[in-house]
Amino acid sequence: MRIARRMEAISPSATIGMKVKADELRAQGREVLSFALGEPDFPTPDNVIEAGKRALDEGETKYTAATGTLALRQAIATATERDLGVQYDPGQVVVSNGAKHSLCNLAMTMVQPGDEIIVFSPFWVTYPDQLSLCGGRPVVVETTDKDDFQPDLDRIRAAITPWTTTIMINSPSNPTGAVYQREIIEGIAEIALEHDLLIVSDEIYKQIRFDGNGHLSPAQLCDEVKERTVIVDGVAKSYAMTGWRIGWICAPPEIASACGSLQGQSTSCPNAIAQAATIEALNGPQDSVQTMREQFERRRDFVVGRLAEIPEVSCATPRGAFYAFPNVSAYYGRKFGEHTINGSLDMAEYLLTEGLISLVPGEAFGADDYIRLSFAASMEEIDEGLMRFAQALA
Ligand SMILES: Cc1ncc(COP(=O)(O)O)c(C=O)c1O
């Protein structure tokens with residue numbers, strides 16, 4: 001069977017092999033604790049579930065406009081103004097089947113073969129593959145725990161070539177939990193203006209921030225920057241709605257229109273019932289967002305404290321999202337029984353087979369010195385998991 005060449009850009013998920021192994025261990029009756037998942041462990045709030053049921057009862061079960069119902073796009077525009085103080089016309093909003101789909105639409109509509117797109121490592125695993133699929137060249141600018149994973153503006157400048165079209169940012173970040181400082185966002189915006197670049201700002205974790213930090217989108221800086229920024233957002237993380245599959249962009253009109261046309265011919269529209277429920281998520285009471293945020297912050301404190309007790313493991317304090325990204329490279333080159341740890345894949349495999357904890361190797365995020373631990377798990381599980389982590393490395 002001939003598979004199209006472009007599929008060579010898609011690498012198999014690094015986590016799938018780990019999941020298969022974890023499942024094998026579970027089938028043998030071993031109790032594996034998973035800290036690999038990128039989804040909140042909380043249930044979707046009741047008011048949102050009720051809105052979904054109501055949509056079914058009221059027959060909202062047909063195709064909607066390709067870009068989403070006007071009511072939802074209006075609700076997104078209103079929520080964006082409430083949260084960021086930035087105004088969008090509903091015509092600038094395109095609702096998709098999750099933010100991952102929104103990002104894929106953007107890659108399809110904005111990336112020409114040979115275009116260079118700056119992404120910061122550690123990056124969310126999906127960015128490079130989606131860009132490469134469309135013939136784009138992800139140009140990776142490294143950030144490290146030594147700088148709290150804040151991008152270096154000189155390094156960005158040095159990475160720009162005549163083929164650079166876009167800078168992608170993700171704050172709060174998956175996998176590092178970094179929240180970009182104001183001067184970094186301002187610096188990136190300045191560079192984008194100087195070189196006529198688009199900024200794609202993935203703000204899916206914007207509600208999950210700690211230490212009283214605010215959120216800053218480049219679109220908030222000034223109209224000139226807003227006009228070259230696409231905000232990517234969704235309900236998956238903030239409202240524990242991963243399975244409902246609703247994400248969106250707020251974008252300059254030409255980009256919104258191109259994504260709408262693509263969507264009309266690819267998926268027709270996002271799920272109608274999930275759209276109705278999303279209106280309730282955005283317009284209804286927001287206390288569940290606050291409750292989840294507080295729980296994540298408590299767990300963050302706990303995880304950071306416990307990781308600090310493990311010799312030679314260091315961890316930049318996550319300022320948002322629900323991941324810790326400890327640096328475990330001091331252990332590379334060492335042998336534990338029959339396991340030699342030569343990188344994050346070996347480390348993840350060792351922790352799984354000997355420690356019975358599942359984490360995601362940093363290599364998947366372009367950062368082999370680290371390993372990702374999601375704290376979207378109960379305190380008891382985190383407590384037990386970190387004990388196993390420490391014991392495995394002892
Ligand atoms: C940084 C980042 N962007 C986008 C997404 C996609 O979210 P959704 O579930 O809405 O597709 C994720 C999900 O893990 C993510 O971590």
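Helices α11 and α13 run roughly parallel to each other in this predicted model. Their axes cross at roughly 10° and come within 11 Å. Here α11 covers residues 287–308 and α13 covers residues 379–393. Which residues of α11 meet α13? On the α11 side they are R299, F302, V303 and R306, and they meet M379, I382 and L386 in α13. Sorted by class, this contact has 5 nonpolar residues, 2 charged ones and no polar ones.

**A small sheet**

Next up is an open sheet of 3 strands, in the order β9-β14-β13, with antiparallel pairing. β9 (323–324) and β13 (360–361) stand at the edges with a single partner strand each, so one side of each has no neighbour in the sheet. Strand β14, residues 371–374, is joined to β13 by 2 bridges, and another 2 bridges join β9 to β14.

Which residues stand opposite one another here? Y323 faces S374 in β14. V360 is opposite R372 in β14, while P361 is opposite I371.

Now look at which way the β14 residues point. I371 and L373 go one way, R372 and S374 go the other way, and all of them are buried.

**A proline in a loop**

P326 sits in the loop between β9 and β10 (334–336). Is P326 buried or exposed? P326 has 23 other C-beta atoms within 10 Å, so it counts as buried, the cut-off being 20 or more. Leaving out residues up to four places away in sequence, P326 touches L307, V313, S314, C315, Y370, I371 and L373. Two of these neighbours, I371 and L373, are the β14 residues that point one way from the strand. For a sense of scale, P326 and E194 are 132 residues apart in sequence, and their C-alpha atoms are 35 Å apart in space.

**Strand β8 and its partners**

β8 (247–250) has both of its faces covered: G247 and I249 lie on one side, W248 and C250 on the other, and all are buried. β2 is joined to β8 by 4 bridges and runs antiparallel to it. One facing pair there is V95 and W248. Strand β7, residues 229–234, is also antiparallel to β8, again with 4 bridges. In that pairing, G234 has G247 as its bridge partner.

Here are the strand pairs mentioned so far, side by side.

| Strand pair | Bridges | Direction |
|---|---|---|
| β13 and β14 | 2 bridges | antiparallel |
| β9 and β14 | 2 bridges | antiparallel |
| β2 and β8 | 4 bridges | antiparallel |
| β7 and β8 | 4 bridges | antiparallel |

As background, strands of a sheet pair through backbone hydrogen bonds, in either a parallel or an antiparallel way.

**Helix α3**

What do the buried residues of α3 pack against? They pack against β2 (93–96), β8 and α10 (272–283). The buried residues themselves are L72, R73, A75, I76, A77, T80 and L84.

The length of α3 can be checked too. The helix has 15 residues (70–84), which at 1.5 Å a residue should span 21 Å; the C-alpha atoms at its ends are 21 Å apart, so the two values agree. Right after α3 comes G85, with a positive phi near 70°.

Technical notes
Residues are numbered from 1 along each chain as its sequence is written. This is a predicted model: local features need pLDDT of at least 70, side-chain atom pairs count only at pLDDT 80 or more; totals for chains, interfaces and linings use all residues. Two strands pair if DSSP finds at least two bridges between them. Axes are lines fitted to C-alpha atoms, for helices over the stretch in contact, and angles run from 0 to 180 degrees between N-to-C directions. Angles under 35 degrees count as roughly parallel, over 145 as roughly antiparallel, 65 to 115 as roughly perpendicular and the rest as oblique. Two residues are in contact if their C-beta atoms, placed from the backbone, lie within 7 Å. Ala, Val, Leu, Ile, Met, Phe, Trp, Tyr, Cys and Pro count as nonpolar, Asp, Glu, Lys and Arg as charged, and the others, Gly among them, as polar. The expected span of a helix is 1.5 Å times one less than its number of residues. A residue is buried if 20 or more other C-beta atoms lie within 10 Å of its own, exposed if 12 or fewer, and partly exposed in between; C-beta atoms are placed from the backbone.
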